[in-house]
Amino acid sequence: MSALVSVEDLRVYFGDPAKPVRAVDGVSFSIHRGETVALVGESGCGKSVTSMALARLVPQPPGVYAGGRVLLNGRDVLTMKERELRALRGNEVSYIFQDPGASLNPVFRIGYQIAEAMRLHRRDVHFREETRELLRLVGMTDPDRAARAYPHELSGGMQQRAMIAMALACRPKLLVADEPTTALDVTIQAQILELLVSLQKQLGMAILLITHNLGLVAGVAHRVHVMYAGQMVEAGLTEDVLRRPKHPYTRGLLNAVPRLTGSRERLTGIEGVVPNPARLPTGCRFHPRCPYARDICVSREPEAESAAAQHEVRCHVWREVEGAP
């Protein structure tokens with residue numbers, strides 16, 4: 001089955017062309033219809049820039065699409081004209097951005113903001129009825145009241161549901177959810193994720209879930225891609241990556257996830273910080289923080305290789321990591 005989205009060797013740089021900031025540097029992945037793919041990594045690793053590039057939303061300048069392709073249904077988004085992009089954005093590809101309180105316009109009612117995309121792409125529908133149906137679909141118990149409300153009159157969870165309704169207004173083929181639960185408490189996080197899974201089954205859309213928390217993806221994503229310093233360092237089926245992580249960075253992320261069972265030892269963090277993309281280390285970009293680093297990790301950049309069926313890793317010492325306790 002052909003992929004709905006196919007990203008091939010994507011490179012997005014910023015700043016001086018002579019010394020570019022390589023925010024996304026050779027990223028490749030695909031998303032199939034009806035599938036949820038999670039893109040995981042710490043803040044600053046390039047997740048959001050990658051997701052914005054799917055609809056060519058990175059502004060030029062300061063951004064530069066330095067290479068690669070983003071194929072949506074076989075069409076390269078990076079070579080589209082502005083008219084084609086306007087037809088794509090919000091229609092075929094739609095976004096849920098983090099912090100709904102900052103994303104919603106405070107001076108317009110919720111119903112007006114939801115109907116705005118339909119005015120551009122779905123002029124054949126009755127806007128008020130469709131808005132009411134969308135709000136009902138995302139779990140608003142009183143959709144008429146929610147449609148009349150201003151953003152400040154809704155709770156954080158209700159605002160996020162309104163954002164999801166806006167994103168679904170044109171029945172997109174791909175929904176990009178960029179940290180959709182960051183500003184919410186744990187109970188509401190679970191409700192929002194359950195809602196996304198339910199809506200995906202009803203509408204048959206694909207989802208790209210952006211998050212820094214591997215603990216969120218276990219019951220949601222079919223496949224996981226772990227990103228570090230602008231590169232994919234591990235990718236595979238969710239169960240394989242969570243149960244049998246190959247890359248030291250993936251292990252570090254998993255060790256930082258709180259557990260309700262097991263020992264009462266303190267969580268183990270990853271020492272150091274994500275490197276500045278303008279001053280990347282030589283060799284493996286993770287080696288300054290890696291407890292398994294060897295001389296080869298400092299001197300030579302690793303290539304992605306197959307560690308198992310549908311499981312890739314970019315690491316010189318992944319076999320040693322796999323056998324570690």
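**Figure 1. The side chain of Q113 meets the backbone of F108.** In this predicted model, the side chain of Q113 reaches the backbone oxygen of F108 at 2.9 Å. Q113 is found in helix α4. Is Q113 buried or exposed? With a relative accessible area of 7%, Q113 counts as buried, because buried means under 20% relative accessible area. Setting aside its neighbours within four places in sequence, you can look for L104, N105, F108, P151 and M166 in contact with Q113.

**Figure 2. The largest pocket takes part of its lining from helix α4.** Here we stay with α4 and turn to the open space it helps to line. The largest pocket has a volume of about 450 Å³. Of the 16 residues in its lining, G90, S94, Y95, A117 and M166 are the closest to the centre. One of these, M166, was also in the previous view as a contact of Q113. Two or more lining residues each come from β6 (93–96), α4 (110–121) and α7 (156–168). Which element gives the largest share? That is α4, with 5 residues. Sorted by class, the lining of the largest pocket has 9 nonpolar, 5 polar and 2 charged residues.

**Figure 3. Strands contribute to the lining of the second largest pocket.** About 320 Å³ of space lies in this pocket. Its lining is made up of 20 residues, and S28, F29, H225, A235 and E312 lie nearest the centre. The elements that give two or more residues to this lining are the strands β2 (21–31), β9 (223–228), β10 (231–237) and β12 (311–313). The largest share, 6 residues, belongs to β10. By class, the second largest pocket is lined by 8 nonpolar, 8 polar and 4 charged residues.

**Figure 4. The largest cavity is enclosed within the protein.** How many cavities of 30 Å³ or more does a search of the whole structure find? There are 3, and this view shows the largest, with a volume of about 60 Å³. To find your way around its lining, look for Y228, Q231, V233, H247, G283, C284, R285, F286, E301, P302 and R314. These residues divide into 5 nonpolar, 3 polar and 3 charged.

**Figure 5. The second largest cavity has no charged residues in its lining.** The volume of this cavity is about 40 Å³. Its lining consists of H247, P248, C284, F286, H287, C290, C297, C315 and V317. Among them, H247, C284 and F286 will look familiar, as they also line the largest cavity. Of the residues around the second largest cavity, 7 are nonpolar and 2 are polar.

**Figure 6. Other helices cover the buried residues of helix α5.** Helix α5 spans residues 127–137, and its buried residues are E130, T131, R132, L134, L135 and L137. An α-helix has 3.6 residues a turn, so residues three or four places apart point the same way. What lies over the buried residues of α5? The cover includes α4, α6 (143–148), α7 and α8 (186–203). Two of these helices, α4 and α7, also give residues to the lining of the largest pocket. Just after α5, G139 takes a positive phi of about 95 degrees.

How values were computed. Residues are numbered from 1 along each chain as its sequence is written. This is a predicted model: local features need pLDDT of at least 70, side-chain atom pairs count only at pLDDT 80 or more; totals for chains, interfaces and linings use all residues. Side-chain values use heavy atoms; hydrogens and water are left out. On a 1 Å grid over the protein atoms alone, a cavity is a set of points where a 1.4 Å probe fits but cannot get out, and a pocket is an open set with protein on both sides within 12 Å along at least five of seven lines; lining residues have an atom within 4 Å of a point. Grid points are joined across faces, edges and corners, and a volume is the space filled by probe spheres set on the points. Helices (H or I, at least four residues) and strands (E, at least two) are DSSP runs, numbered from the N terminus. Ala, Val, Leu, Ile, Met, Phe, Trp, Tyr, Cys and Pro count as nonpolar, Asp, Glu, Lys and Arg as charged, and the others, Gly among them, as polar. Buried means under 20% relative accessible area, exposed over 50%, partly exposed in between (1.4 Å probe, protein chains only). A polar contact is a pair of N or O atoms within 3.5 Å; within protein, one must be able to donate a hydrogen and the other to accept it, and residues adjacent in sequence count only if both atoms are side-chain atoms. Contact means heavy atoms within 4.5 Å.
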